[in-house]
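The paragraphs below walk through one protein model. Please keep the sequence and the structure in view while reading.

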Amino acid sequence: MWISRKLSHKTENQKAEKGRITISSPTALEAGASLNSRSLIQYAPYGYSCAAPTGEEVMLIPCSEGQAALGTIMKGEGLEAGEIMIKSRGGASIKLANDGCIYLNGQPFMNSAGVILTEL
């Protein structure tokens, strides 16, 4: 009973904190913060998958399995409110702009009427 009270008290006092990815591989994700967290669970919106590179800053939250990574710090990159950009570490990008245009690697690809502006 004493042990269960100590363990439950420990998890109640844990808070979200920033950390840095220390290992990122297809089989493991680890981050360092006040404690090093191994075998992190990484959460993203449904349908999204990513492999956060080593050195990226992440938000860590306590969960029943230890800690979970919610995601990396976003870099606004000049986006207007309501715009979305998906970008790889190598620089490939897709931007959904407020004017209805889709940009691939910075070049307009399709306008709001669905007209293809640039062939791939």
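**Glutamine 67 and the two sheets**

Leaving aside residues up to four places away in sequence, glutamine 67 touches Glu17, Ser37, Leu40, Ile41, Leu60, Ile61 and Pro62; a contact means heavy atoms within 4.5 Å. Glutamine 67 is buried, its relative accessible area being 16%. Here buried means under 20% relative accessible area, exposed means over 50%, and partly exposed lies in between (1.4 Å probe, protein chains only). Glutamine 67 belongs to strand 6, which covers residues 66-72.

The model is predicted: local features need pLDDT of at least 70, side-chain atom pairs count only at pLDDT 80 or more, and totals for chains, interfaces and linings use all residues. Residues are numbered from 1 along each chain as its sequence is written, and side-chain values use heavy atoms, with hydrogens and water left out.

The protein has one helix and ten strands. Helices (H or I, at least four residues) and strands (E, at least two) are DSSP runs, numbered from the N terminus. Read from the N terminus, the order of elements is α-β-β-β-β-β-β-β-β-β-β. Of the 120 residues in the protein, 17% are buried. Taking contacts between residues at least 6 apart in sequence, 33% join residues at least 24 apart.

Strand 6 is part of an open sheet of six strands, in the order 3-2-1-5-6-4 and with mixed pairing. Two strands pair if DSSP finds at least two bridges between them. At the edges are strand 3 (36-37) and strand 4 (41-42), each of which pairs on one side only.

Within this sheet, strand 1 (residues 17-24) and strand 2 (residues 29-32) run antiparallel and are joined by four bridges. Strand 1 and strand 2 form a hairpin, with four residues between them. Arginine 20 stands opposite glycine 32 of strand 2. On the other side of the pairing, glycine 32 has asparagine 36 in strand 3 as a bridge partner. Strand 2 and strand 3 also run antiparallel, with two bridges, and form a hairpin with three residues between them. Strand 2 is covered on both faces: Leu29 and Ala31 on one side are buried, as are Glu30 and Gly32 on the other.

A further open sheet has four strands in the order 7-8-9-10, with antiparallel pairing. Strand 7 (84-87) and strand 10 (107-110) are at its edges; each has a single partner strand, so one side of each is left without a neighbour in the sheet. Neighbouring strands of this sheet are turned by 25° against each other on average, direction ignored. Axes are lines fitted to C-alpha atoms, for helices over the stretch in contact, and angles run from 0 to 180 degrees between N-to-C directions. Strand 9 (residues 102-104) is joined to strand 10 by three bridges, and the two run antiparallel. Isoleucine 102 has methionine 110 in strand 10 as its bridge partner.

What lies over the face of tyrosine 103? Lysine 95 does, at 5.7 Å from the ring centre. A charge sits over a ring if NZ of Lys or CZ of Arg is within 6 Å of the ring centre and within 35 degrees of the ring normal.

A search of the whole structure finds zero disulfides, a disulfide being a pair of cysteine sulfur atoms within 2.5 Å. Cysteine 50 is exposed at 54% relative accessible area, whereas cysteine 101 is buried at 13%.
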